[in-house]
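Q: I would like a close look at a single part of this protein, taken slowly and with the reasoning shown. Please then follow its connections outward to other parts of the chain.

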Amino acid sequence: MNQFRRIFACARRAQVFKRRRYSFFCDIKSKIKMTGPISIAEYMREVLTNPKGGYYMKNDVFGMRGDFITSPEISQMFGEVVAVWTLCEWQKLGKPLPLQLIELGPGRGTMMQDILRVYNKLDIIGHNKLSIHLVEISRSMSKFQAKALCLPDSVSELDETDDNDFGCYQKGFSSHSSPIYWYSDIRYVPKAFSIVIAHEFFDALPIHKFQKVGNEWREVMIDVSEEESKQLRYVLSRNPTPASLLLTKEENKRNHFEVSPQTGIIMEQISLRLEENGGFALIIDYGHEGEKTDTFRAFSQHSLHDPLIEPGTADLTADVDFSYLRKATGNRLFSLGPIPQRQFLSNMHIDVRLKKLLETRYRIEEKEHLISGYHMLMDKDKMGERYKIMSFFPAVLTEFLQKFPAVGFG
């Protein structure tokens, strides 16, 4: 009887979920019918972050059971290498305290969990001098992160208008009593010396797409088909849009390209923070340096998916333009990279870490998992070449970094 009830409950939840998705799809089509075609940027915002049916606003979307898997989920070695890199650069700059560790889009909290384990193991930062700040728009995902990172019963929800923690909506403590805070926007994170980490964060930010028609730029929009199916379709704007007039001025090499204004805004905020308060940033993502054109796509169940079908059920993404990240910082920051992930991890001696871990594992399946994860991170036909890593430091450190280069980028 209990088994029957569980099956019935699962079926009922599936029906509710299906109706909710259909309602969300209808809402998008109704909006287009009332206001006309919408930009891909607006479509991405709705599909990914709408409170009603947004993809990232639901439960866990990461890992083998989700729609995609990230490097920290593949192997603990990835987060450990990132931790070592941050500590090396922090020590090189004189070990400034207090230290804020900021992660944009922390996923399940897996990478931060690995980073804190290394920090605690090496014990070179006083726990009362370290604070962790997570920028996460999904309250559902923040619960997963809190479970992974915080002591039981230490997590509390906060009023975002509270004077003491303005903009912070959740707070907890790690196993070593370091405070962990959650924010919906990096602007709310306190100003102090900070290490900023963004892993597969910028690829999910909304993009505008443009196509050159003659001598004019037109924007690629999303409309409702006039056919009986009434499905979504791509169309070109009839005339230049405000976005095409504003965002295409410096493009003279491609006839089709994508740009994310929100990425530019966030990079500007990071550059101001690092310039005024000190610190550095590490960005890891798949992308290019301004040469690619059409990279907008969707993933569902680890496979490519039509971005316009069943919005809200698949992840929408576009390759990161690293040259745009650099440009958005102006002259405030000095950048290194991007370099392929395999080069960075190799320079950081991930092979030595793999050898050490294999020596401490006795079960064959554990060793096989470590070796498989290593190849997934490093091989050219997997993540090794596709993912790139880039770092940013205050421009005032340019001469210093030329003399003492950041580890991993040499």
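A: What follows begins with one helix, α5, and then turns to a buried acid, to pairs of charged side chains, to some backbone features and to a pair of helices.

The model is a predicted one, and every value below is computed from it.

Helix α5 covers residues 110–122. At 1.5 Å a residue, its 13 residues should span 18 Å, and because the C-alpha atoms at its two ends are 19 Å apart, the expected and the modelled lengths agree. Many of its side chains are named as buried: T110, M111, M112, D114, I115, L116, V118 and Y119. An α-helix has 3.6 residues a turn, so residues three or four places apart point the same way. The cover over the buried residues of α5 comes from several elements, including the helices α3 (71–74), α4 (76–92) and α6, together with the strands β2 (99–104), β3 and β7 (194–199).

One of the buried residues of α5, D114, also belongs to a network of salt bridges that links it with E80, R117 and R353. By the rule used here, the count of salt bridges comes to 23.

Just after α5 comes D123, whose phi is positive, near 50°. D123 is a residue other than glycine with such a positive value, and it is found in the loop between α5 and β3. A second case is D153, again not a glycine, with phi near 70°. D153 sits in the loop between α6 and β4 (156–157), and because its relative accessibility is 83%, it counts as exposed.

Strand β3 and helix α6, both part of the cover over α5, also frame the loop in which E136 lies, with β3 at 130–135 and α6 at 139–149. E136 is buried and yet has no salt bridge, for the nearest side chain of opposite charge, that of R139, is 8.5 Å away. A salt bridge here requires the nitrogen and the oxygen to be within 4 Å. Leaving aside residues up to four places away in sequence, E136 touches G105, P106 and G107, then M141, S142 and Q145, and further along the chain Y169, W182, Y183 and S184.

Other acids do find a partner. D294 forms a salt bridge with K209, and the closest N and O atoms of the pair are 2.8 Å apart. Since D294 lies in the loop between β12 (279–288) and β13 (297–300), while K209 lies in strand β8 (residues 208–213), the pair ties together parts that are 85 residues apart in sequence. D294 counts as exposed because its relative accessibility is 51%, whereas K209, at 4%, counts as buried.

E275 likewise forms a salt bridge, in this case with R332, the closest N and O atoms being 3.7 Å apart. This pair also links distant parts of the chain, with E275 in helix α8 (residues 261–277) and R332 in the loop between α9 (322–328) and β17 (333–340), 57 residues apart. E275 is partly exposed, at 44% relative accessibility, and R332 is partly exposed as well, at 24%.

In a further pair, the side chains of R363 and E365 meet in a salt bridge of 2.7 Å, N to O. R363 has a relative accessible area of 48% and is therefore partly exposed, while E365 counts as partly exposed at 44%.

The backbone also holds cis peptide bonds. One of them joins L97 and P98, with omega about 0°, and P98 has its place in the loop between α4 and β2; both of those elements help to cover the buried residues of α5. Another cis peptide bond joins G337 and P338, with omega about 10°, and P338 is found in strand β17.

Finally, R353, a member of the network that includes D114, has a number within the range of helix α11 (residues 350–360), whose axis comes within 10 Å of that of helix α12 (residues 364–378) and crosses it at roughly 170°. That angle makes α11 roughly antiparallel to α12. The contact between them is made by I350, D351, L354, L357 and L358 of α11, which meet K367, L370, I371, Y374, L377 and M378 of α12.

Methods. Residues are numbered from 1 along each chain as its sequence is written. This is a predicted model: local features need pLDDT of at least 70, side-chain atom pairs count only at pLDDT 80 or more; totals for chains, interfaces and linings use all residues. Side-chain values use heavy atoms; hydrogens and water are left out. Helices (H or I, at least four residues) and strands (E, at least two) are DSSP runs, numbered from the N terminus. Buried means under 20% relative accessible area, exposed over 50%, partly exposed in between (1.4 Å probe, protein chains only). Lys and Arg count as positive and Asp and Glu as negative; His and the chain ends are not counted. Contact means heavy atoms within 4.5 Å. The expected span of a helix is 1.5 Å times one less than its number of residues. Axes are lines fitted to C-alpha atoms, for helices over the stretch in contact, and angles run from 0 to 180 degrees between N-to-C directions. Angles under 35 degrees count as roughly parallel, over 145 as roughly antiparallel, 65 to 115 as roughly perpendicular and the rest as oblique.
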